[in-house]
Amino acid sequence: ATIFCDDHAVLEARRHCLFRAEETHPFQAEMAMAVEAARAEVALQHQAEMATAVEAARAEAAQQHQAEMAMAVEAMRAEIAQQLQAVVKAAKVEAAQQLQALVTEAEEYK
């Protein structure tokens with residue numbers, strides 16, 4: 001925004017000079033105005049190209065961030081699945097031990 005404001009101020013100053021020159025040198029002023037119009041058009045085109053490049057960079061960064069987040073989520077899912085398997089295995093072992101203790105206790109009461 002600052003660059004655009006500065007460019008705008010420069011363009012306004014040039015136009016003011018061109019209008020004053022038109023009174024004394026009409027042909028030179030006309031040529032200068034044509035050059036100024038071409039400069040302004042090039043500046044606008046450059047600004048549009050920069051905006052397009054910035055938008056492309058933003059889109060690429062967003063896509064890369066999304067891919068990184070997806071990989072992180074997948075890694076967390078894998079870790080949680082692994083932890084869950086360990087918990088289930090430990091629970092099965094504990095349940096088998098408790099069942100064996102109950103069976104042993106029941107046999108002792110016989």
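I take helices here as DSSP runs of at least four residues, numbered from the N terminus, and I note before anything else that the model I am reading is a predicted one.

**Overall fold**

I looked up the secondary structure of the chain and found 2 helices and 0 strands. I then turned to H2, which covers residues 26-109 and holds 84 residues. From its first C-alpha to its last, H2 reaches 122 Å, which I find close to the 124 Å expected at 1.5 Å a residue.

**Burial and surface**

I checked how much of the chain is covered, and buried residues come to 5% of the 110 residues. Within H2, I list Ala29, Glu36 and Ala40 as buried. For the chain I note an exposed area of about 9800 Å², of which carbon and sulfur atoms supply 63%.

**Salt bridges**

How many salt bridges does a search of the whole structure find? I count 2 of them in that search, and I looked at each in turn.

The pair I took up to begin with is arginine 39 with glutamate 36, where the closest N and O atoms are 3.7 Å apart. Because these two residues sit 3 residues apart in helix H2, about one helical turn separates arginine 39 from glutamate 36. I then asked whether each partner is buried or exposed. Arginine 39 has 46% relative accessibility and therefore counts as partly exposed, whereas glutamate 36, at 6%, counts as buried, the cut-off for buried being under 20%.

The other pair I examined is arginine 77 with glutamate 74, whose closest N and O atoms lie 3.8 Å apart. Here too I find the partners in helix H2, and since arginine 77 and glutamate 74 are 3 residues apart, they are separated by about one helical turn. Arginine 77 has a relative accessible area of 54%, so I record it as exposed, while glutamate 74, at 46% relative accessibility, goes down as partly exposed. I add as a general remark that side chains of opposite charge can pair when their charged atoms come close.

**A nonpolar patch**

Which residues form a nonpolar patch on the surface? I find Leu84, Val87 and Val88 in it, with about 270 Å² of accessible area together. Of these I looked further at leucine 84, which lies in helix H2. Leucine 84 counts as exposed because its relative accessibility is 53%, and the cut-off for exposed is over 50%.

Note on methods. Residues numbered from 1 in each chain as written. Predicted model: local features only at pLDDT ≥ 70, side-chain atom pairs only at ≥ 80, totals over all residues. Heavy atoms only, no water. Patch = residues over 30% accessible without salt bridge, like charges linked within 9 Å, V, L, I, M, F, W, Y side chains within 5 Å. Areas by Shrake-Rupley, 256 points an atom, 1.4 Å probe, with all protein chains shown as cover. Salt bridge = Lys/Arg side-chain N within 4 Å of Asp/Glu carboxyl O. Buried < 20%, exposed > 50% of the residue type's maximum accessible area, 1.4 Å probe, protein only. Expected span 1.5 Å × (residues − 1).
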